[in-house]
Amino acid sequence: MPSKDPSSRRVLTVSELTGLVRASLETDFPEVWLEGEISNLRAPGSGHLYCTLKDDAAQIRAVLFRSTAGRLRFGLEDGLHVIVRGRVSVYEPRGEYQIILEYVEPKGLGAFQLAFEQLRQRLAAEGLFDQERKRPLPAFPRTVGIVTSPAGAAVRDMISVLHRRCPLLDILIAPVQVQGEDSAEQIASAIRSLNEWGRVDVIIVGRGGGSLEDLWSFNDERVVRAIVASSIPVVSAVGHETDMTLADYAADLRAPTPSAAAEAVAPVLSEVVEHLGTLALRCRQAMGWRCGAERRRLDLALAQIANVRFRILEDMQRVDGAVVQMRQAVQDALKWGWDTVHSVRHELVGRSPEPFVRHGLAQVPQLRSRLDGAMRYALNRRKQEARSCLASLNALSPLGILDRGYGIVESLSTHQVIRDARQVAVGEAVLARLARGKLRCLVEEVMADLGLKAGSDPL
Amino acid sequence: MAGVKFEQAMARLEAIVGELEKGDLPLDESLKIFEEGIRLSKNCLKVLEEAERKIEVLVQDKNGKKQLRAFSSYDDDNHDSASDS
């Protein structure tokens with residue numbers, strides 16, 4: 001007990017006190033079960049995990065060393081409520097007390113379930129469970145590979161169902177342990193082996209029913225990846241009607257039981273044979289029908305050809321008939337032509353102008369002589385008339401006057417006949433026309449005369 | 001893989017029947033695939049008739065080499081006779 005006397009105080013170093021505290025805590029809390037919420041989770045890279053466990057009012061530092069952390073089936077997360085077992089100690093360099101965890105389980109969910117959920121989400125995020133990835137099963141497999149335990153009811157059931165449906169199927173069994181530590185690795189390896197062997201058309205991976213723990217290998221990541229990597233379609237049959245394992249999610253088809261898987265994989269042989277028979281029959285029928293149709297086409301064409309031939313003969317006959325008619329028509333036309341020509345000719349002859357011409361010709365001399373006569377008469381009359389006129393003319397002609405000794409005197413300048421001596425001047429030249437010849441005279445004297453008055457009768 | 005060949009043959013046969021029933025092909029083509037179809041159906045039937053079933057076990061020996069061994073499940077004979085009835 002510490003005394004108040006300064007001389008009897010036991011003075012400790014920090015390390016000594018810390019060491020004492022540590023020993024005390026380690027003695028009092030060698031093993032404690034604790035419930036709390038994880039926060040402040042850190043994984044520095046050494047493999048050790050550090051976090052704080054807290055509740056509403058308090059918190060405690062916690063450490064999970066690498067070896068223990070490796071054994072965890074699930075991942076730690078902030079906010080996760082856990083139940084832990086550990087021992088309390090002190091981290092002396094920092095003077096912090098902490099709990100060193102030896103066991104951690106999630107509160108509420110089982111460790112299995114949480115691990116399962118975390119793994120499922122991680123693999124789903126990679127797209128391993130996508131519907132698009134799933135392949136159809138072959139319709140007519142020849143060899144079925146089965147990854148299962150060689151003992152047990154499951155394999156016997158599967159063989160039985162496969163053979164009942166399709167007795168010809170070859171079965172290749174890849175024996176594995178379906179539960180236990182090695183199981184997952186063996187299953188994955190068996191799937192790979194069947195793929196390598198190559199002569200398998202479809203794979204069934206399965207086992208009979210059991211508890212969730214029994215089935216746990218089928219949730220292993222190695223099995224999932226082996227199924228995903230298989231180039232042969234995989235049917236999973238893990239014998240648990242309601243819960244799905246990750247192998248079920250990854251497989252191309254999930255069957256609720258091994259027998260159901262066998263049914264899914266094997267076609268019913270009798271149906272296949274029947275289908276084959278039906279196909280062959282339909283083949284023959286279709287061909288027969290087609291040949292029949294082509295035959296009918298041929299017959300139709302032949303009938304049409306015969307028809308055409310018949311029509312050609314008919315036409316030839318018509319042509320002959322037409323030729324005969326044509327000849328007849330030409331002959332008739334010729335005859336008609338001849339007849340018409342003859343009758344017209346006859347008419348023509350009847351209307352010949354010859355008589356008129358002859359008549360006319362006969363008349364012409366008559367008319368001619370009458371014409372001559374008339375002409376002569378007319379001529380003579382005119383002659384006589386002309387003679388009498390001429391006589392009159394002669395009587396009146398100034399030339400006759402001249403013959404009687406008269407002369408006509410004209411002025412040389414004006415060419416006018418001079419009747420009056422007073423019209424001329426002495427010394428003017430005048431022209432005197434005599435009955436024969438003319439005189440050019442010079443007036444020596446002008447003698448006015450009482451002589452004859454115009455228009456008076458000389459007698 | 002005999003299974004794949006059989007499946008391909010069946011698929012081709014189905015296709016041929018479809019073509020013939022549609023009746024679109026010219027006659028000489030039809031005759032050709034008809035012959036092929038009949039040949040395929042005969043072959044498939046032959047495969048089915050000649051097949052013998054085998055049940056084997058794939059084992060890997062120490063050297064990693066794989067071998068087949070006959071499957072000796074003690075119940076196999078019982079089930080054989082049951083399924084043949």
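This tour of a predicted model goes from one strand of chain A to its partners, the chain contact and a helix. Residues count from 1 along each chain as its sequence is written, and chains are lettered from A in the order in which they are written. Local features need pLDDT of at least 70 and side-chain atom pairs count only at pLDDT 80 or more, while totals for chains, interfaces and linings use all residues.

**Strand 7 of chain A**

Select residues 170-175 of chain A, which form strand 7. Helices (H or I, at least four residues) and strands (E, at least two) are DSSP runs numbered from the N terminus. Of the 6 residues in strand 7 of chain A, 5 are buried. Buried means that 20 or more other C-beta atoms, placed from the backbone, lie within 10 Å of the residue's own.

Add residues 143-148, strand 6 of chain A, which pairs in parallel with strand 7 of chain A over 6 bridges. Pairing requires at least two DSSP bridges between the strands. Show V147(A) together with A174(A), its bridge partner in strand 7 of chain A. Between these strands the chain passes through helix 4 of chain A, residues 153-165, in a right-handed β-α-β crossover. With the strands pointing away from the viewer, a right-handed path from the first strand over the helix to the second runs clockwise.

**Across to chain B**

Now select residues 55-60 of chain B: this is strand 1, parallel to strand 7 of chain A and joined to it by 3 bridges. L172(A) has E56(B) as its bridge partner, and I173(A) has V57(B).

Widen the view to the whole contact, with 38 residues from chain A and 38 residues from chain B. Residues are in contact if their C-beta atoms, placed from the backbone, lie within 7 Å. On the chain B side, helix 1 (2-22) of chain B supplies the largest share, 12 residues.

**Helix 5 of chain A**

Finish with residues 183-197, helix 5 of chain A. Its end C-alpha atoms are 21 Å apart, in agreement with the 21 Å expected for 15 residues at 1.5 Å a residue; the expected span is 1.5 Å times one less than the number of residues. Its buried residues include A184(A), I187(A), I191(A) and L194(A). Among the elements covering the buried residues of helix 5 of chain A are strand 7 of chain A and strand 1 of chain B. Just after the helix, select G198(A), whose phi is positive, near 85 degrees.

Definitions and conventions. A residue is buried if 20 or more other C-beta atoms lie within 10 Å of its own, exposed if 12 or fewer, and partly exposed in between; C-beta atoms are placed from the backbone. Two residues are in contact if their C-beta atoms, placed from the backbone, lie within 7 Å.
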